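Here is a friendly walk through one protein model. Take a look at it first, and then we'll go through a few spots together.

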Amino acid sequence: MLHRLTLFITGAILVGFGNYAAIAQETPQVAFSNVNPGIVEPMLGNMKILQSTAPATLSVNVPSELAAQISILAPNLVEGASDDPEGTTRVGFLNFGANSLSSNSQNNTANLPTGNTDLEVRMRVERPVAFIPGNYNYRLNLSVTVTPP
């Protein structure tokens, strides 16, 4: 039987400052914990790019009787002072252990070890035109699929 666990990381961005909030939908088998906010800010001197300057960190626990894979998907604009124009690139990054995953590559899924694993999540959004000052909310999804070994 497959179970899917999804973590939504949303960045509320006021151009010049931002932070993460996390919402987890959990299964009884796997749980996210120790969620710490990260920081998303415009790239210095380039108002076309919002990127993580400090990662969001969290832990995921996989029981020893399960096998699990984690995937990262690209961030999506939930709401903002302006819509993402055509040509916007959105990338999510996930690091844990020796794994570096990116939503814009074929390397966006990896096996999770059993027990507790610390995760670091970052994001980058690049528009072809500058962001209009205001608040921006992006949702970044981490998905864990578990199967009995």
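What follows is a short tour of charged pairs and a few single residues.

Keep in mind that this is a predicted model.

**The salt bridges**

Let's start with the charges. Side chains of opposite charge can pair when their charged atoms come close. This structure holds 3 salt bridges, and the table sets them out.

| Pair | Closest N and O atoms |
|---|---|
| Aspartate 84 and arginine 90 | 2.8 Å |
| Arginine 127 and aspartate 84 | 2.8 Å |
| Arginine 124 and glutamate 126 | 3.3 Å |

Shared partners join Asp84, Arg90 and Arg127 into one network. How exposed are its members? Aspartate 84 has 14% relative accessibility, so it counts as buried. Arginine 127 is buried too, with a relative accessible area of just 3%. Arginine 90, at 27%, counts as partly exposed.

Now look at where the pair of arginine 127 and aspartate 84 sits. Arginine 127 is in the loop between strand S12 (115–126) and strand S13 (135–147), while aspartate 84 is in the loop between S8 and S9, so their salt bridge ties together parts that are 43 residues apart in sequence.

As for the pair of arginine 124 and glutamate 126, arginine 124 is partly exposed at 26%, and glutamate 126 is partly exposed as well, at 30%.

**Threonine 88**

Threonine 88 is also found in a loop, the one between strand S8 (76–80) and strand S9 (89–96). Its relative accessibility is 12%, so it counts as buried. What does its side chain reach? The side chain of threonine 88 gets to the backbone oxygen of proline 85, at 2.7 Å. Leaving aside residues up to four places away in sequence, threonine 88 touches Val125, Glu126, Arg127 and Pro128. Two of those names, Glu126 and Arg127, appeared in the salt bridges above.

**Serine 71**

Over in strand S7 (residues 67–72) you'll find serine 71. Here the relative accessibility is 15%, which means serine 71 counts as buried. Its side chain makes a polar contact of 2.8 Å with the side chain of threonine 109. Threonine 109 is also among the residues serine 71 touches, along with Asn108, Asn141, Leu142 and Ser143, again not counting residues up to four places away in sequence.

**Asparagine 34**

Last stop: a backbone oddity. Most residues other than glycine have a negative phi. Asparagine 34 isn't a glycine, yet it has a positive phi of about 50°. You can spot asparagine 34 in strand S3 (residues 31–36). Is it buried or exposed? With a relative accessible area of 56%, asparagine 34 is exposed.

Terms used: Residues are numbered from 1 along each chain as its sequence is written. This is a predicted model: local features need pLDDT of at least 70, side-chain atom pairs count only at pLDDT 80 or more; totals for chains, interfaces and linings use all residues. Side-chain values use heavy atoms; hydrogens and water are left out. Helices (H or I, at least four residues) and strands (E, at least two) are DSSP runs, numbered from the N terminus. Buried means under 20% relative accessible area, exposed over 50%, partly exposed in between (1.4 Å probe, protein chains only). A polar contact is a pair of N or O atoms within 3.5 Å; within protein, one must be able to donate a hydrogen and the other to accept it, and residues adjacent in sequence count only if both atoms are side-chain atoms. Contact means heavy atoms within 4.5 Å. A salt bridge is a side-chain nitrogen of Lys or Arg within 4 Å of a carboxyl oxygen of Asp or Glu.
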